[in-house]
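Subject: Structure handover

Hello,

Here is the structure I said I would pass on. My notes on salt bridges and one helix contact follow below it.

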Amino acid sequence: MKLPDTGGAHVDGRFVPPFPDPHPKKSSLFWRFVRGWNSWIHVLFAKSYTMKMGEIRTPGLHMYIANELSLVKRIMDGWREFPKHHLLVRTLGPAIGNSVFSANGEDWATQRAMINPAFQHTALSRTLPMMRDAADALVARIAALDLSRPIDIDPLMTHVAADVIFRTLFSRPLDAAGAERIYRGFNRFQRHAQSASMLRFYRLPALGFFGRSRRAAADIHAVFAPIVRERFEAYHAGDRDRPEDILAALLAARHPQTGEPFSLPALMGQVSTIFLAGHETSASAMSWALYCLAEDRVTQDALRTEVVEHAGDAPFSPDALRRMALTRNVFREALRLYPPVAFMPREVTCPTQMRDKDLQPGAMLVVSPWLIQRNPDHWACPHAFDPGRFDDPANKTAAREAWLPYGQGPRVCVGAGFASQEAAVVLATLVRAFDLWPVAGERPEPVSRLTLRPKHGIRLRLTRRE
């Protein structure tokens, strides 16, 4: 199959947003290192998008990429047999410690049981007012900018997503200085972690990149660590008269066997996981959704019509959000085209056969939403932006089995519903307040590290609607 040369192109009348042109054949060991230094998706070649199972060897790692849906289900359901790979755990350690995202086996099951009650605080009835307030604050920030010039919406999406999760976690908004520190810190963390990972894959010295990623993570933690520490000390001193938020629920959590609470380091790990996973992935997908809406005026106008029809100028209600199917589908399509976590590495723990390959313990087994969600066997015109595909009955199976931006199986992201509601509120609020336009001649370039982000941001022109 010949893949389209993207970058603002149209195929069959549909907008095709940019993605790296796949190489015609698999890269050599040298070029794989060069291309993977900054982004995993830039290593892919044409057959990557259609193969059932691929194999890659580097001096330090034997890797398999499983794209066949039956294999994907087996891997994602087998959380004991195929745990998170130890290299991923080590890479994420400075940012989230041994938390529910990186833990494996019974340790993960115990942590998941401890934190599940905390997510009662993410119910729409509790969080919708916080989401509306954060989205309104975003509109005010944008309105205060010089809109005669293009604006980079990527840091703005980080701020609003981090603001929502800050309000939900800590019962307070996030200020501009904290948002800026988080945005820059996580970009540094990803860049250094990517370099450290590539060097490890080739059995080369880390050259200080792991230390740099640790310092970047510490810079992120500095934004909320004082809040966590103060609340932890107050709680264990007997002061329970605090807001009923996610942090309060985590402080009250107890080990199902021992009855012990989270220690301060363990609590910081859980808070860091919820905060980073809760804002970074949403921010990424919302940035790409806004870019696609700016390029696809027909869909943008239809979304605005839907918002006005169901909400008018009033604050968004749960009933209005339930009726806004196109708004939800725009976000789902952005997640399909630009899954925030493009590659999910697991570890082979015992000799295993998949298709015609014998996998040995220690090998990395990768499930890639980026590849699965762009595979033409699952989706027609897979690289095109087409939110309507989710209303097509022919795509019912694909939407269930070949759409996995939140993962799949027992370890599926517990915050998926929260992220979808947040995105609906933010996208609807922005489209109701502004017209979105692309900047002529500019096309954002996606890069895939720990998460998938635009390399140099996404600049759009916004004009205020009366």
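To begin with a close pair, Glu180 and Arg184 form a salt bridge in which the nearest N and O atoms are 2.3 Å apart. Please keep in mind that this is a predicted model. Both residues belong to helix α7 (residues 176–201), where they sit 4 residues apart, about one turn of the helix. Glu180 has a relative accessibility of 34%; the range for partly exposed runs between 20% and 50%, so Glu180 falls into that class.

That pair is part of a longer list: the count comes to 26 salt bridges. In general, side chains of opposite charge can pair when their charged atoms come close.

A second pair joins Glu55 and Lys357, with 3.5 Å from N to O. Glu55 is in strand β3 (residues 53–58) and Lys357 is in strand β8 (residues 357–359), so this salt bridge ties together parts that lie 302 residues apart in sequence. The two ends are not classed alike. Glu55, at 26% relative accessibility, is partly exposed. Lys357, at 17%, is buried, because the cut-off for buried is under 20% relative accessible area.

A third pair is Arg74 with Glu81, where the closest N and O atoms are 3.8 Å apart. The cut-off for a salt bridge is within 4 Å, so this pair still counts. Arg74 is partly exposed, at a relative accessible area of 33%, and Glu81 is partly exposed as well, at 29%.

Salt bridges also link up into a network, which takes in Arg297, Asp301, Arg304, Asp435 and Arg465.

Arg297 appears again in the helix contact. How do helices α10 and α11 pack, at what angle and with their axes how far apart? Helix α10 (residues 264–295) and helix α11 (residues 297–311) meet at an angle of about 110 degrees, and their axes are 5 Å apart. The two helices are therefore roughly perpendicular to each other, since angles of 65 to 115 degrees are put in that class. On the α10 side the contact is made by Leu293, Ala294 and Glu295, and on the α11 side by Arg297, Thr299, Gln300 and Leu303. By type, the residues of this contact divide into 3 nonpolar, 2 polar and 2 charged.

A note on methods will follow separately.

Regards

Definitions and conventions
Residues are numbered from 1 along each chain as its sequence is written. This is a predicted model: local features need pLDDT of at least 70, side-chain atom pairs count only at pLDDT 80 or more; totals for chains, interfaces and linings use all residues. Side-chain values use heavy atoms; hydrogens and water are left out. A salt bridge is a side-chain nitrogen of Lys or Arg within 4 Å of a carboxyl oxygen of Asp or Glu. Buried means under 20% relative accessible area, exposed over 50%, partly exposed in between (1.4 Å probe, protein chains only). Axes are lines fitted to C-alpha atoms, for helices over the stretch in contact, and angles run from 0 to 180 degrees between N-to-C directions. Angles under 35 degrees count as roughly parallel, over 145 as roughly antiparallel, 65 to 115 as roughly perpendicular and the rest as oblique. Contact means heavy atoms within 4.5 Å. Ala, Val, Leu, Ile, Met, Phe, Trp, Tyr, Cys and Pro count as nonpolar, Asp, Glu, Lys and Arg as charged, and the others, Gly among them, as polar.
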